[in-house]
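Me: I would like to go through the terms used for this model one at a time, asking each time what a label rests on. Please set each value beside its definition before you conclude.

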Amino acid sequence: MSNIEQTLSIIKPDAVERNLENEIKENFKRNNFKIIKEKKIQLEKSEAEKFYKVHETKPFYNDLCTYLSSGPIVVMVLEKEAAVIENRKLMGSTDPKEAADGTLRKKYGISIDKNSVHGSDSLDNAKTEIDFFFRD
Ligand code: CMP
């Protein structure tokens with residue numbers, strides 16, 4: 001049975017700054033993700049706060065929002081069978097130090113903050129996050 005899903009991916013400022021955009025996109029394509037939509041933008045801090053609202057009680061919330069709005073990011077809608085979990089597998093653990101070999105965060109991440117990519121953590125959040133960036 002087919003279970004094609006869409007998920008939201010963000011190439012974060014640390015990766016865009018190091019010109020890793022194309023290389024990261026190639027990783028997605030090699031792993032059979034289709035990039036359905038994409039755009040390069042820079043968020044206002046208030047927009048980053050809205051995007052990461054689920055983390056608003058966390059001690060790292062303010063720094064996280066400052067960071068996400070610190071430079072250009074690439075936001076993409078990725079499509080694949082079981083895209084949400086498949087993207088999380090490809091990204092690896094949040095902290096690059098703990099991420100498995102071959103994962104994007106292991107290959108490109110610098111620290112838990114500058115971990116190069118974001119991906120939706122559930123199908124419900126994927127819908128909300130896709131709508132956040134691509135509501136036309
Ligand atoms: P991301 O998947 O974009 O979702 C929230 C982000 O918060 C996460 O990646 C990390 O980059 C960042 N973050 C910073 N500190 C922490 C922490 N202690 N635990 C989890 N996420 C953190």
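Reply: Thr 94 has its place in the loop between helix 5 (83–91) and helix 6, where helices are DSSP runs of H or I with at least four residues, strands are runs of E with at least two, and both are numbered from the N terminus. This is a predicted model, in which local features need pLDDT of at least 70 and side-chain atom pairs count only at pLDDT 80 or more, whereas totals for chains, interfaces and linings use all residues. Residues are numbered from 1 along each chain as its sequence is written, and side-chain values use heavy atoms, with hydrogens and water left out.

Me: Why does Thr 94 count as partly exposed?

Reply: Buried means under 20% relative accessible area, exposed means over 50%, and partly exposed is what lies in between, with a 1.4 Å probe and protein chains only. Thr 94 has 40-odd per cent in no loose sense but exactly 42% relative accessibility, so it counts as partly exposed. Glu 26, whose place is in helix 2, has 40% relative accessibility and therefore also counts as partly exposed.

Me: Why does Pro 96 count as buried, and why does Glu 44 count as exposed?

Reply: Pro 96, in the loop between helix 5 and helix 6, has 9% relative accessibility and so counts as buried. Glu 44, in the loop between strand 2 (34–41) and helix 3, has 54% and so counts as exposed. The C-alpha atoms of Glu 44 and Thr 94 are 23 Å apart, with their positions 50 residues apart along the chain, while those of Pro 96 and Ser 116, 20 residues apart along the chain, are separated by 9.2 Å.

Me: What makes the phi of Ser 116 stand out, and is Ser 116 buried or exposed?

Reply: Its phi is near 70 degrees, a positive value in a residue other than glycine. Ser 116 lies in the loop between helix 6 (104–108) and strand 4, and its relative accessible area is 0%, so it is buried. Asn 19, which is not a glycine either, has a positive phi of about 55 degrees; its place is in the loop between helix 1 (13–17) and helix 2, and with a relative accessible area of 69% Asn 19 is exposed.

Me: Why are the buried residues of helix 2 said to line one face?

Reply: In helix 2 (residues 21–30), the buried residues are Glu 21, Ile 24, Lys 25, Asn 27 and Phe 28. Seen down the helix axis they fall within an arc of 150 degrees, so they line one face; the arc is that of the directions from the helix axis to the C-beta atoms. The face turned away from this buried side carries the exposed residues Asn 22 and Arg 30, and helix 2 is followed by Asn 32, whose phi is positive, near 65 degrees.

Me: Which residues surround the ligand?

Reply: The ligand is surrounded by several residues, among them Lys 12, Tyr 52, His 55, Thr 94, Arg 105, Asn 115 and His 118, a residue being near a molecule if one of its heavy atoms lies within 4 Å of it.

Me: How do you know that Lys 12 makes a polar contact with the ligand?

Reply: A polar contact is a pair of N or O atoms within 3.5 Å; within protein, one must be able to donate a hydrogen and the other to accept it, and residues adjacent in sequence count only if both atoms are side-chain atoms. An N or O atom in the Lys 12 side chain is 2.7 Å from an oxygen atom of the ligand, which falls within the limit. The corresponding distance for Tyr 52 is 2.6 Å, and a polar side-chain atom of His 118 lies 2.9 Å from a ligand oxygen. Within the protein, a polar atom of the Ser 69 side chain is 2.8 Å from the backbone oxygen of Cys 65.

Me: What lines the largest pocket?

Reply: A pocket, on a 1 Å grid over the protein atoms alone, is an open set of points where a 1.4 Å probe fits, with protein on both sides within 12 Å along at least five of seven lines, and lining residues have an atom within 4 Å of a point. Here 25 residues line the largest pocket, and Tyr 52, Val 54, His 55, Leu 64 and His 118 lie nearest its centre. Helix 7 gives the most to this lining, with 4 residues.
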